[in-house]
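Hi everyone, thanks for coming. Let's have a look at this one together, starting with how a pair of helices packs and then turning to the cysteines.

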Amino acid sequence: MKHHDVIIIGAGAAGLMCAATAGYRGRDVLVLDNAKQAGRKILISGGGRCNFTNQKVEPANFICSNHHFVKSALARYRSSDFIELVERHGIEYHERDHGQLFCNDSAKEIVTMLLTECEWAGAQIKLRTEISEITKNSEGLFEVLTDKEHYSCQSLVIATGGLSMPKLGASPYGYHIAEQFGLKVLSTHAGLVPFTWHSEQKQRFEPLSGIAVPSTITAKDGTQFSEALLFTHRGLSGPTILQISNYWNPGEAISINLLPGEDVRAKIQQALEASPKQSLRNALSQWLPKRLVEVLFDESLLNKALNQLVHAEREQLALDLESWTLVMNGTEGYRTAEVTLGGIDTDELSSKTMEAKSVPGLFFAGEVMDVSGWLGGFNFQWAWSSGVAAGQAA
Ligand code: FAD
């Protein structure tokens with residue numbers, strides 16, 4: 001049996017960050033992964049350019065049953081620390097809306113940077129390794145049985161990620177290990193994910209596919225996001241929908257403001273005063289794509305001149321534009337979700353070290369636990385911060 005100080009299961013964002021951190025502390029580190037490539041999700045992230053962090057990271061950008069949990073790790077390894085690492089490796093990057101930072105060239109550079117850090121820190125990585133069993137022996141060491149070798153270690157870090165994108169090797173393995181050691185796992189569902197139409201909605205709205213409009217969307221709990229909304233063949237997508245999906249439960253309505261930041265009633269009144277004989281169709285087509293106007297409103301209403309609309313019709317029009325309410329069928333699920341909501345209950349873990357309170361030596365890092373971030377580089381920041389926290393203690 002080969003012994004290592006630290007074994008990390010999962011060579012993704014959190015596992016690699018953890019490995020380098022522990023390695024630099026002089027720990028003998030081995031990372032095991034069943035995939036044939038390390039950091040596969042990083043490679044496809046951000047459209048191949050990896051939105052690796054955000055300029056402004058706050059605990060409020062994360063969803064976790066215990067919202068204090070993320071504070072310590074995020075404060076100890078900040079986005080500025082990761083930016084400094086990226087700069088030290090000469091990776092060029094740029095900022096997009098809402099403080100999102102992306103590589104100028106390719107997400108590959110982030111994976112290369114992490115692998116280089118692991119190499120410099122002396123951490124070994126073994127890919128294509130299936131783990132068959134993990135146990136804790138009478139001496140308090142973990143034994144990791146794989147299809148190739150039998151290992152033991154003092155500290156075991158589970159960084160196997162969530163369930164999103166099964167075709168990239170996502171697996172529930174981390175949850176199984178947590179349950180095996182008696183830790184609570186909160187129910188999971190897909191997050192940062194497009195919504196799908198009901199069949200009648202599909203018939204009506206499918207012709208709109210490809211249209212993008214600015215929007216403010218409000219979830220049932222009052223959470224609001226203002227970004228682009230995209231109509232697709234299957235339903236609704238775009239940044240606002242992905243963001244709101246993190247706060248949505250099946251059966252709940254969402255409310256869409258199609259003219260965000262505008263006083264809709266005043267806008268209608270101004271149009272009426274400026275050109276009273278103008279048709280509603282023409283007025284609305286100056287504010288929204290024509291195809292959307294035709295699908296949203298009745299032909300007979302659209303044909304009316306603005307000065308023919310009675311007060312109740314104008315009021316209904318304002319409501320339809322500023323709070324178009326939809327109950328969607330569901331989401332596209334883990335197949336296209338960027339994250340998994342839920343996971344290992346953070347009440348089971350130390351927020352400083354990510355170690356299980358009831359199982360000394362067992363650590364978790366990254367998305368496997370019940371922490372999910374908004375769209376915008378927050379999920380990677382959690383992988384970096386929690387990976388460093390575990391790597392400093394394991
Ligand atoms: P992962 O990166 O998923 O790594 C888990 C590792 O564990 C994998 O290497 C996997 O092979 C391994 N593993 C799993 N099961 C086993 C097992 N049984 N045995 C051995 N190894 C196992 N976040 C952002 O912040 N910015 C973005 O731009 C962004 N874009 C994204 C785009 C897409 C398409 C997706 C799906 C996600 C995106 N995310 C983004 C989210 C981000 O990728 C994840 O939150 C992050 O990768 C989580 O890191 P992790 O290390 O916890 O898990």
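Helix 1 and helix 5 run roughly parallel to each other, a label for angles under 35 degrees (over 145 is roughly antiparallel, 65 to 115 roughly perpendicular, and the rest oblique). This is a predicted model, where local features need pLDDT of at least 70 and side-chain atom pairs count only at pLDDT 80 or more, while totals for chains, interfaces and linings use all residues. Residues are numbered from 1 along each chain as its sequence is written, and side-chain values use heavy atoms, leaving out hydrogens and water.

Back to our pair: helix 1 covers residues 13-24 and helix 5 residues 108-120, and they pack at about 25 degrees with axes 8 Å apart. Helices here are DSSP runs of H or I, at least four residues, numbered from the N terminus. Axes are lines fitted to C-alpha atoms over the stretch in contact, and angles run from 0 to 180 degrees between N-to-C directions.

Who meets whom? On the helix 1 side we have Leu16, Met17, Ala19, Ala20 and Tyr24, in contact (heavy atoms within 4.5 Å) with Leu114, Leu115, Glu117, Cys118 and Trp120 of helix 5.

Now, the cysteines. How many disulfides does a search of the whole structure find? The count is 0, with a disulfide taken as two cysteine sulfur atoms within 2.5 Å. For Cys118, the closest cysteine sulfur is in Cys18, 9.3 Å away, so too far for a bond. Cys153 also has Cys18 as its closest partner, at 12 Å, again too far. Cys118 is buried, at 1% relative accessibility, and Cys153 is buried at 0%; buried means under 20% relative accessible area, with a 1.4 Å probe and protein chains only.

Technical notes: Helix = DSSP H or I, 4+ residues; strand = E, 2+ residues; numbered from the N terminus. Buried < 20%, exposed > 50% of the residue type's maximum accessible area, 1.4 Å probe, protein only.
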